[in-house]
Amino acid sequence: MLRLLRDEGPLSRADLGNRLNLSRPRVMAELDRLMAGELVREADPSRGGRRSPFVELHPGLRFAGVDLGITSIDVEITDGRLEPVAAYSEAADIRSGPQAVLSRVGDILAKLRAEGAYQRLHGIGIGVPGPVSFRDGVPVSPPIMPGWDRYPVRRLLAHEHNCPVVVDNDVNIMAVGERYGGVARSAESLLFVKLGSGVGCGIFLGGELYRGSDGCAGDIGHIQVQPHDPVCTCGSIGCLEALFSGIALEREATSAARSGSSPALARRLALQGSVSAKDVAECAAGGDAVSLQLIREGGRRLGGVLAGLVSFINPSMIVIGGGLTGLGSVLLAEIRSVVYRRSLPLATGNLPVVLSELGTRAGVAGASFLASDLAFEEAS
């Protein structure tokens, strides 16, 4: 009932009964209970004391979506319909450890509360850039998150904020955000690829998020694409993430700048002291051949991995998100070219490969959605 009101807006009591196949007395009893708990209310209350036939989620409902990146913290407060109420972002280092990072999350939430974004939270969703035991709400041996292994993220946040908490991999929450609020709203089988400091994939099968038996499905960044160097953070060699990710691209661009093979990148290195993926994108747009080649080579490698997944899963859509989407149309064109060329025509004849519609909001939007799902489930 709560999910219907979240997804569709105000509904009549009769509609709720029909949609859920519930008798009128059962609908009335459930609504009375939810109204007493300030989870729903009458929509557009009638004048003259008459009861409105429509009900809606209570306007005081609030959920927090938290997206922890390798170098950032993004927080968004939403209402019950998952419309944004307030948001805040800042740079952070996930390697500083769970105490420091989660303490900062608490400070940000307190700041938003003091500014009037919420009186109390009804649920929190949080994504972290590493493998997660979804059942236990803890990161498990995350390769780029020292000190986070088995840290009780869910238990700590639930205790501090006195509300349900859901913890998931950051790519999964981005996939959820895009599936329920972005370009993939109609996709039943979806691959959502996050290209950032690392590389991961959120998977929807039959309209349901697929996490795998231990919660680590979609870790495509550690699929081997060549049998030799470089060494990946996971300890293996030739992984996709070691060859094409934000970190890998910066490494290759810096090497090109220092060697002088790219005068455009060399100038930026001399001026700034470093080069970034943004520099590569801008130099490529200016016609720098080395920057264009770096983007195309990365797209070719990712496209090869995705072509294998297309043959295996046969998705109805592939969405590319994350910071490296700023590399632009050259990257997307190369990915499409490889996927369409190397997969069977039957699997790609109706397969769109598109950029994320939500962009940087995908993570916090997905986290809020998962938080609301859990809160509504517990309310029942």
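Strand S4 and strand S7 (residues 123–128) run parallel and are joined by 5 bridges. In this pairing, Phe 63 of S4 sits opposite Gly 123 in S7. The model is a predicted one, and S4 makes a handy place to start looking around in it. S4 also pairs with S5, this time antiparallel, again through bridges, 6 of them. Here Ala 64 stands opposite Ile 77 in S5, and a hairpin of 3 residues takes the chain from S4 to S5.

How much of S4 is buried? The count is 6 of its 6 residues. Side chains in a regular strand alternate between the two faces of the sheet. In S4, Phe 63, Gly 65 and Asp 67 point one way, while Ala 64, Val 66 and Leu 68 point the other way, and all of them are buried.

S7 turns up again around helix H5 (residues 153–161). The buried residues of H5 pack against S7, and also against helix H4 (98–114), strand S9 (138–139) and strand S10 (165–169). Those buried residues include Val 153, Leu 157 and His 161. Looking down the axis of H5, they fall within an arc of 30°, so they line one face of the helix. The spacing fits a simple rule: an α-helix has 3.6 residues a turn, so residues three or four places apart point the same way. Over on the other side of H5, Arg 155 and His 159 are exposed. Right after the helix comes Asn 162, with a positive phi of about 55°.

Helix H2 (residues 13–20) can be read in much the same fashion. Its buried residues are Arg 13, Leu 16 and Gly 17. They cover an arc of only 100° around the axis, which puts them on the same side of H2. Their cover includes helix H1 (2–8), strand S1 (11–12), helix H3 (24–36), strand S2 (40–42) and strand S3 (54–57). Just past the end of H2, Asn 21 has a positive phi of about 55°.

Further along the chain there is an open sheet of 5 strands with mixed pairing, in the order S13-S12-S11-S14-S15. Strand S13 (208–210) and strand S15 (353–355) are at the edges with a single partner strand each, so one side of each has no neighbour in the sheet. From one strand to the next, the twist averages 25°. Within the sheet, strand S11 (residues 190–195) and strand S12 (residues 199–205) pair antiparallel over 6 bridges, and Lys 194 stands opposite Gly 200 in S12. Helix H12 (residues 329–342) lies across S11, strand S14 (317–321) and S15, and runs at about 160° to S15.

That leaves the empty space. Rolling a probe the size of a water molecule over the atoms shows where such space is left. The largest pocket has a volume of about 970 Å³. Its lining takes in 50 residues, and those nearest the centre are Asp 170, Lys 194, Gly 196, Ser 197 and Gly 198. Several of the elements met above give two or more residues to this lining, among them S4, strand S5 (72–78), S12 and S14. Helix H8 (246–259) and helix H10 (277–285) are also on that list. Which element gives the most to the lining of the largest pocket? That is H6, with 4 residues.

Notes. Residues are numbered from 1 along each chain as its sequence is written. This is a predicted model: local features need pLDDT of at least 70, side-chain atom pairs count only at pLDDT 80 or more; totals for chains, interfaces and linings use all residues. Side-chain values use heavy atoms; hydrogens and water are left out. Buried means under 20% relative accessible area, exposed over 50%, partly exposed in between (1.4 Å probe, protein chains only). The arc is that of the directions from the helix axis to the C-beta atoms. Contact means heavy atoms within 4.5 Å. Two strands pair if DSSP finds at least two bridges between them. Axes are lines fitted to C-alpha atoms, for helices over the stretch in contact, and angles run from 0 to 180 degrees between N-to-C directions. On a 1 Å grid over the protein atoms alone, a cavity is a set of points where a 1.4 Å probe fits but cannot get out, and a pocket is an open set with protein on both sides within 12 Å along at least five of seven lines; lining residues have an atom within 4 Å of a point. Grid points are joined across faces, edges and corners, and a volume is the space filled by probe spheres set on the points.
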